[in-house]
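Let's take a walk through this structure together, one neighbourhood at a time. Keep the picture open as you read, and turn it whenever a new element comes up.

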Amino acid sequence: MGPPTGSRHFRIERLADGVYAAFARPGGFALSNSAIVDLGGATVVFDSTLTPMAGAALRRAAERLTGTAPSFVVNSHWHGDHHWGNSAFVGAHVVSTRRVREVIVEKSRPLFRSWRRELPKELASLRHPGPGVDRRDVPELRGWFRGVLATPATLRIVPPGVTFDDELVLTGRRRSVRLLSYGGGHSPSDVFAFLPDERIVVAGDLALVGYHLSVGDGYPAEWIRILGRMLRLRADRVVPGHGALGDARTLERSREYLRDLERRAADARRRAVPLRVFRRAAVPERYREWRFSLMYPDNLVRAYRLGTTGAG
Ligand SMILES: [Zn+2]
């Protein structure tokens with residue numbers, strides 16, 4: 001066992017010598033998972049969590065585990081729970097695609113402001129959650145909302161300063177990490193990391209484990225194509241954006257969820273089911289155990305709206 005490195009925001013799991021995942025704890029202020037990679041001479045952190053508080057705990061964990069302050073912080077995409085911790089990584093280069101940078105510059109501050117306005121009401125409503133909220137999700141939703149509300153209004157948003165389009169390889173004495181973007185599936189632009197020697201994919205929200213995917217800001221048809229390309233890397237472990245460590249089947253499961261969503265949307269459109277009816281469709285039996293079912297109506301709406309007639 002190494003030194004204690006967990007925190008109230010996440011627990012650390014060692015995946016290989018010098019490779020760690022930080023899994024968000026329900027109720028903590030991380031919300032999304034991260035990874036820490038010791039390249040040998042330089043440390044990379046993948047995704048900086050929802051808050052500067054959890055980000056600071058992650059930076060300290062990375063320093064303790066690798067002996068080096070992180071030199072690079074990668075953002076998988078523009079959503080707040082993957083980059084609002086950036087400011088805690090003083091002196092590190094923030095890395096993502098040019099497109100992620102553009103969207104962060106344009107949308108991150110407005111999103112933060114609107115959440116700070118709306119979340120007090122949402123937090124209060126969790127005392128008596130409505131039928132659309134799974135009781136099991138309440139502690140995690142509470143941590144999410146409280147984390148945003150506990151973040152200073154002066155949050156410093158740090159957009160990526162090192163950008164790429166398709167691929168950037170970071171190499172140290174010990175190993176390489178390939179940062180890859182196959183376009184936008186979950187968001188306008190998504191980045192994932194691939195560790196070729198360890199056959200590990202750090203997926204961001206392109207793949208989740210035991211959680212509904214979040215399609216509301218995404219492009220499901222593109223996403224299916226992206227997962228197909230990712231599958232060709234033949235990773236046997238996947239660190240998802242949310243949920244526990246995944247395996248060789250994780251990417252396939254995420255793809256199947258999206259295909260199922262696309263089939264349903266295409267079928268509803270073919271049968272001229274109005275959107276207001278379709279959006280209330282029940283969660284399919286096979287996904288009943290998955291967390292964050294509150295995403296499902298938005299997922300249905302997005303797939304229905306983006307679908308082209310007759311396409312599956
Ligand atoms: Zn996301």
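Start with H3 and H4: H3 passes H4 in a left-handed crossing. This is a predicted model, so bear in mind that everything here is computed from predicted atoms. H3 covers residues 98-125, while H4 takes in residues 138-150. Two packed helices are described by the angle between their axes and the distance between the axes. For this pair, the axes come within 9 Å and cross at roughly 140°. An angle over 145 degrees would count as roughly antiparallel, but H3 and H4 are oblique to each other.

Which residues of H3 and H4 meet? On the H3 side you'll find Trp-115, Arg-116, Leu-119, Pro-120, Glu-122 and Leu-123. Facing them from H4 are Arg-142, Phe-145, Arg-146, Val-148 and Leu-149. An α-helix has 3.6 residues a turn, so residues three or four places apart point the same way. Look for that rhythm among the contacts of H3, which include Trp-115, Leu-119 and Leu-123.

H3 also leads us to the sheet, since H3 lies across E6 and E7 and runs at about 105° to E6. The sheet is an open one of seven strands, in the order E1-E2-E3-E4-E5-E6-E7, with mixed pairing. Its edge strands are E1 (10-16) and E7 (162-164), each of which pairs on one side only. From one strand to the next, the twist averages 20°.

Now let's step through part of that sheet, beginning with E3 (34-38) and E4 (43-46). These two pair in the antiparallel sense over four bridges, and Ile-36 has Val-45 in E4 as its bridge partner. E3 and E4 form a hairpin with four residues between them. Have a look at Gly-40 in the turn, where phi is positive, at about 95°.

Is E4 covered on one face or on both? Both faces are covered: Thr-43 and Val-45 are buried on one side, and Val-44 and Phe-46 are buried on the other. In a regular strand the side chains alternate between the two faces of the sheet. You can follow that pattern along E4, with Thr-43 and Val-45 sharing a side and Val-44 and Phe-46 sharing the other.

Move on from E4 to E5, and the pairing is parallel, again over four bridges. Here Val-44 has Phe-72 in E5 as its bridge partner. Phe-72 has a partner in E6 as well, namely His-93. E5 (residues 70-74) and E6 (residues 93-97) run parallel, joined by three bridges. Just along from there, Val-73 stands opposite Val-94 in E6.

How many of the five residues of E6 are buried? Four of them are, so E6 is largely enclosed by the rest of the structure. E6 is joined to E7 by three bridges, and these two strands run parallel. Within this pairing, Val-95 stands opposite Val-162 in E7.

Another helix to find against the sheet is H1 (residues 52-66). H1 lies across E1, E2 (19-24), E3, E4 and E5, and runs at about 30° to E3.

Next, head for a second pair of helices, H5 (220-231) and H6 (250-270). Their axes come within 9 Å and cross at roughly 155°. That makes H5 roughly antiparallel to H6. The crossing is left-handed. Among the residues making the contact are Trp-223, Ile-224, Leu-227 and Leu-231 of H5, along with Leu-251, Leu-258 and Leu-261 of H6.

H5 and H6 have a further part to play around H8 (residues 296-306). The buried residues of H8 are Tyr-296, Asn-299, Leu-300, Arg-302, Ala-303 and Tyr-304. What covers them includes H5, H6 and H7 (275-278).

Finally, zoom out to the whole chain. It holds eight helices and 13 strands. The C-alpha trace spans about 60 × 45 × 40 Å along its principal axes. With 312 residues, a compact globule would have a radius of gyration near 20 Å, and the 19 Å of this chain agrees with that. Of those 312 residues, 48% count as buried. And among contacts between residues at least 6 apart in sequence, 67% join residues at least 24 apart.

Note on methods:
Residues numbered from 1 in each chain as written. Predicted model: local features only at pLDDT ≥ 70, side-chain atom pairs only at ≥ 80, totals over all residues. Pairing = 2+ DSSP bridges. Axes fitted to C-alpha atoms, helices over the stretch in contact; angles between N-to-C directions. Contact = placed C-beta atoms within 7 Å. Rg over C-alpha atoms; globule rule 2.2 N^0.38 Å. Buried ≥ 20, exposed ≤ 12 C-beta atoms within 10 Å, placed from the backbone. Parallel < 35°, antiparallel > 145°, perpendicular 65-115°, else oblique. Left-handed = near helix turned anticlockwise from the far one by under 90°.
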